[in-house]
Amino acid sequence: MATGKLDFFFFDEGAGVKLKNRSRVQNAFFGVEKNNLFLKRAIQRTIKNTKKKLYAYPTVLHVSGPGLLGNVYAHEQYRTNISEDDYYFGNYFDHRNERVVQHKCDACTKNQDWAHGNNYNTLWNRKKFYCEK
């Protein structure tokens, strides 16, 4: 069984503001070993949140996204070999202040105000995030 240690991930600063508080872990780009306990716990918590249709979290990002991964990381106190300088900020993944991967595109907005599609923040605020049966 794997140790549950993350091989690599990036702290998500979100909304274009560098928080440096490690409260979110970016879910768009990461790498874990097979049978990773961290990811298993995050998936279990996502399933639980969805089954119960929980709205008790501060934001929609805590249901299954960066907020949830950040909470699992903090709660489980995982030790990683990740630099303090690994961040997702402004659509880029930075490793030790060097851009390594671009998320989305140069012209993509850094919010959820798209012409087509769902704005998860709006759905969350209206208590319409979860599908009805």
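I started with the order of elements: along the sequence the protein chain runs β-β-β-α-α-β-β-β-α. That fits the tally I pulled next, three helices and six strands. Note to self: this is a predicted model.

Then I looked at the chain as a whole. Of its 133 residues, 32% come out as buried. I got about 8600 Å² of exposed surface, with carbon and sulfur atoms supplying 51%. For contacts, I took pairs at least 6 apart in sequence and found that 62% of them join residues at least 24 apart.

Next I zoomed in on strands 5 and 6. Strand 5 covers residues 92-95 and strand 6 covers residues 98-102. They pair antiparallel, and I logged four bridges. How many residues sit between the two strands of this hairpin? Two, and R96 in that turn has a positive phi of about 55 degrees. I also looked up H95, whose bridge partner in strand 6 is E98.

Last stop was D94, which lies in strand 5. Which residues does D94 touch, leaving out those up to four places away in sequence? I got F10, D85, D86, Y87 and R99. So is D94 buried or exposed? D94 is buried, and I found no salt bridge for it. Its nearest side chain of opposite charge is R99, listed at 4.0 Å. I jotted down that two more aspartates, D85 and D86, are among the D94 contacts.

Note on methods: Residues numbered from 1 in each chain as written. Predicted model: local features only at pLDDT ≥ 70, side-chain atom pairs only at ≥ 80, totals over all residues. Heavy atoms only, no water. Buried < 20%, exposed > 50% of the residue type's maximum accessible area, 1.4 Å probe, protein only. Contact = heavy atoms within 4.5 Å. Areas by Shrake-Rupley, 256 points an atom, 1.4 Å probe, with all protein chains shown as cover. Pairing = 2+ DSSP bridges. Lys, Arg positive; Asp, Glu negative; His and termini not counted.
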